[in-house]
Amino acid sequence: MTLSFFYGTVMRGQPSHDVLNDARFISETTTAAKYRLFSVDDRYPALAEAVGSGLSIVGELYDVSPEHWEAIVKVDPDWMHRSRIVLQDNRVVESMLADIVQAGGVTLSDISTYGGWLSYRTDPG
């Protein structure tokens, strides 16, 4: 099992949460202030290492199996990859990171100032 940070459509209550089916939820948490969060075609988020100033991003920590990771990697685009990230408490865990330079054919909007995908999706503005 691997401690893993998720920040988008696989979080609790989100449309793709079933990918995590029997994974053990640990807690809500945030990343270190080293990342930027992007909305991809306003359908799902992508976390990227910041070039310049970064922010902390809210997400959920799970204990997941290799089978969970296999399923997640299959549905994400090629320009997103499994990588290690740093949480606010300095723990290093697995997550999906985007290579924004490689993200062709999609519209990316930096939504980092919302602090997380759920805040962005529920903002009335």
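**Exercises on aromatic pairs and the nonpolar core**

Tyrosine 114 has a relative accessible area of 33% and is therefore partly exposed. The model used in these exercises is predicted.

**Exercise 1.** Classify the pair formed by the rings of tyrosine 114 and tyrosine 120, and state whether tyrosine 120 is buried or exposed.

*Solution.* Start with tyrosine 120: its relative accessibility is 19%. Buried means under 20%, so tyrosine 120 counts as buried. Next, take the geometry of the rings. Their centres are 5.2 Å apart and their planes stand at 80 degrees. Planes over 60 degrees apart count as edge-to-face, so the tyrosine 114 and tyrosine 120 pair is edge-to-face.

**Exercise 2.** Describe the surroundings of phenylalanine 25, beginning with its aromatic pair with tyrosine 62.

*Solution.*
- Step one, the count: the structure holds 6 aromatic pairs.
- Step two, the geometry: phenylalanine 25 and tyrosine 62 are 5.4 Å apart, centre to centre, with 70 degrees between the planes, an edge-to-face pair.
- Step three, the location: phenylalanine 25 belongs to strand β2 (residues 24–30) and tyrosine 62 to strand β5, so the pair ties together parts 37 residues apart in sequence.
- Step four, the exposure: phenylalanine 25 is partly exposed at 29% relative accessibility, whereas tyrosine 62 is buried at 2%.
- Step five, the other partners: Phe25 and Tyr62 form one aromatic cluster with Phe6 and Trp69. The charged end of arginine 12 sits over the ring of phenylalanine 25, 3.9 Å from the ring centre.

**Exercise 3.** Outline the largest nonpolar core and place isoleucine 85 in it.

*Solution.* This core has 32 residues. Those with the most contacts inside it are Phe6, Leu20, Leu47, Trp79, Met80 and Ile85. Elements giving two or more residues to the core include β1 (2–6), α1 (66–75), β6 (80–86) and α2 (117–122). The largest share, 4 residues, comes from β7. Now take isoleucine 85, setting aside neighbours within four places in sequence: its contacts include Phe5, Tyr35, Leu47, Val92, Val93 and Leu97.

**Exercise 4.** Locate isoleucine 100 and find its contacts beyond neighbours within four places in sequence.

*Solution.* Isoleucine 100 is in the loop between β7 and β8 (108–110). Its relative accessible area is 26%, so isoleucine 100 is partly exposed. Outside its sequence neighbours within four places, isoleucine 100 touches Phe38, Ala48 and Leu108. As a last step, compare sequence and space: isoleucine 100 and tyrosine 114 are 14 residues apart in sequence and 19 Å apart from C-alpha to C-alpha.

Conventions: Residues are numbered from 1 along each chain as its sequence is written. This is a predicted model: local features need pLDDT of at least 70, side-chain atom pairs count only at pLDDT 80 or more; totals for chains, interfaces and linings use all residues. Side-chain values use heavy atoms; hydrogens and water are left out. A nonpolar core is a set of buried Ala, Val, Leu, Ile, Met, Phe, Trp, Tyr and Cys residues joined through side-chain atoms within 4.5 Å. Buried means under 20% relative accessible area, exposed over 50%, partly exposed in between (1.4 Å probe, protein chains only). Contact means heavy atoms within 4.5 Å. Rings of Phe, Tyr and Trp (its six-membered ring) pair if their centres lie within 6.5 Å; planes under 30 degrees apart count as stacked, over 60 as edge-to-face and the rest as tilted. A charge sits over a ring if NZ of Lys or CZ of Arg is within 6 Å of the ring centre and within 35 degrees of the ring normal.
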